[in-house]
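These are my notebook entries on a few points I looked up, beginning with the cysteines and then turning to backbone angles and surface charge.

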Amino acid sequence: KNFENKKRNMKLHFAYPETGANKSIEIDDENKVRCFYDRRLAEEIKIDSLGLQFKGYVVRVTGGMDKSGFPMKQGILTTTRVRLLLPRGTVGYQKWRGKKGERKRKSVRGCIISPDISVVNMVIVQKGENEIAGLTDVSRPRTRGPKRASRIRKLFNLSKQDDVRDYVIKTKKVGKDGTEYICTPKIQRLLTPEKIKRKSAVKRMRKKRSDKRKQGKKDYERLLKNLAARKKVEEKKTQEKK
């Protein structure tokens with residue numbers, strides 16, 4: 001019997017960190033995606049063969065999965081699917097599954113790209129000559145930023161004298177009644193004057209407790225010493241009477 005060869009489309013998912021944009025492109029021509037075959041994860045690839053708009057672009061492969069949905073895993077030097085004993089929180093075994101410390105045998109795909117791969121995730125490392133519509137010609141600012149005070153300072157290159165609360169990334173939201181309001185995240189590990197005052201009060205209280213404990217120990221040792229001396233005097237008196 002003659003079977004028709006089904007076309008295997010490959011979906012390419014691009015990310016451009018400079019603009020914060022993402023774009024997915026589905027390609028049904030196998031000759032265009034041959035540049036990805038036999039390449040590994042974290043490898044940089046020139047994608048001139050995809051078309052004129054991709055001329056000069058260089059991407060780094062960050063992940064992918066096959067037609068059955070099994071993810072590619074770094075370090076497995078094969079194009080086939082294998083079953084490995086994986087801990088929770090790694091690629092192929094979600095952290096919310098199972099119990100703490102549990103390992104389970106799961107199926108994952110090797111880190112080498114083959115025709116069986118249906119999705120390839122990549123990050124643009126070097127921009128080419130032409131703009132890609134919806135990817136390099138748009139700007140999508142971050143809607144969510146860091147919450148920890150030290151990381152906010154690192155992101156905006158702030159000093160310790162600057163107020164971190166003025167640089168938090170705020171988001172606009174619309175309520176059920178149509179009114180707009182600004183949502184501000186709670187800053188973690190933020191040192192305010194109230195917190196410093198409370199911290200110093202706790203430190204003073206601990207020092208007071210420690211001093212009281214030490215003084216009580218000294219008084220008890222003095223009492224024991226006096227009792228021992230008194231007992232010794234009484235024993236001496238009784239011996240003299242005899």
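I looked up C111 first and noted that this residue counts as buried, because its relative accessibility is 0%. This is a predicted model, and I keep that in mind for every entry below.

I then asked which cysteine sulfur is closest to that of C111. I found that it belongs to C35, at 17 Å, which is too far for a bond. Taken from the other side, the sulfur of C35 has its closest cysteine partner in C111, again at 17 Å and too far for a bond, since a disulfide requires sulfur atoms within 2.5 Å. C35 is also buried, because its relative accessible area of 18% falls under the 20% limit. My search of the whole structure gave 0 disulfides.

Next I looked for unusual backbone angles, bearing in mind that most residues other than glycine have a negative phi. I noted D38, whose phi is positive, near 65 degrees, and which I placed in the loop between β2 (21-27) and β3 (44-46). D38 is exposed, with a relative accessible area of 62%. I noted N157 as well, with a positive phi near 55 degrees, in the loop between α1 (149-156) and β8 (171-174); N157 is exposed at 71% relative accessible area.

Last, I asked which residues gather in a patch of positive charge on the surface. I listed K147, K186, K195, R198, K199 and K203. Of these I followed K186, which lies in the loop between β9 (180-183) and α2 (193-241) and counts as exposed because its relative accessibility is 65%.

Notes:
Residues are numbered from 1 along each chain as its sequence is written. This is a predicted model: local features need pLDDT of at least 70, side-chain atom pairs count only at pLDDT 80 or more; totals for chains, interfaces and linings use all residues. Side-chain values use heavy atoms; hydrogens and water are left out. Patches are made of residues with over 30% relative accessible area and no salt bridge: like charges are joined within 9 Å, nonpolar side chains (Val, Leu, Ile, Met, Phe, Trp, Tyr) within 5 Å. Accessible areas come from the Shrake-Rupley method with a 1.4 Å probe; for residues, only the protein chains shown count as cover. A salt bridge is a side-chain nitrogen of Lys or Arg within 4 Å of a carboxyl oxygen of Asp or Glu. Lys and Arg count as positive and Asp and Glu as negative; His and the chain ends are not counted. The place of a charge is taken as NZ of Lys, CZ of Arg, CG of Asp or CD of Glu. Helices (H or I, at least four residues) and strands (E, at least two) are DSSP runs, numbered from the N terminus. Buried means under 20% relative accessible area, exposed over 50%, partly exposed in between (1.4 Å probe, protein chains only).
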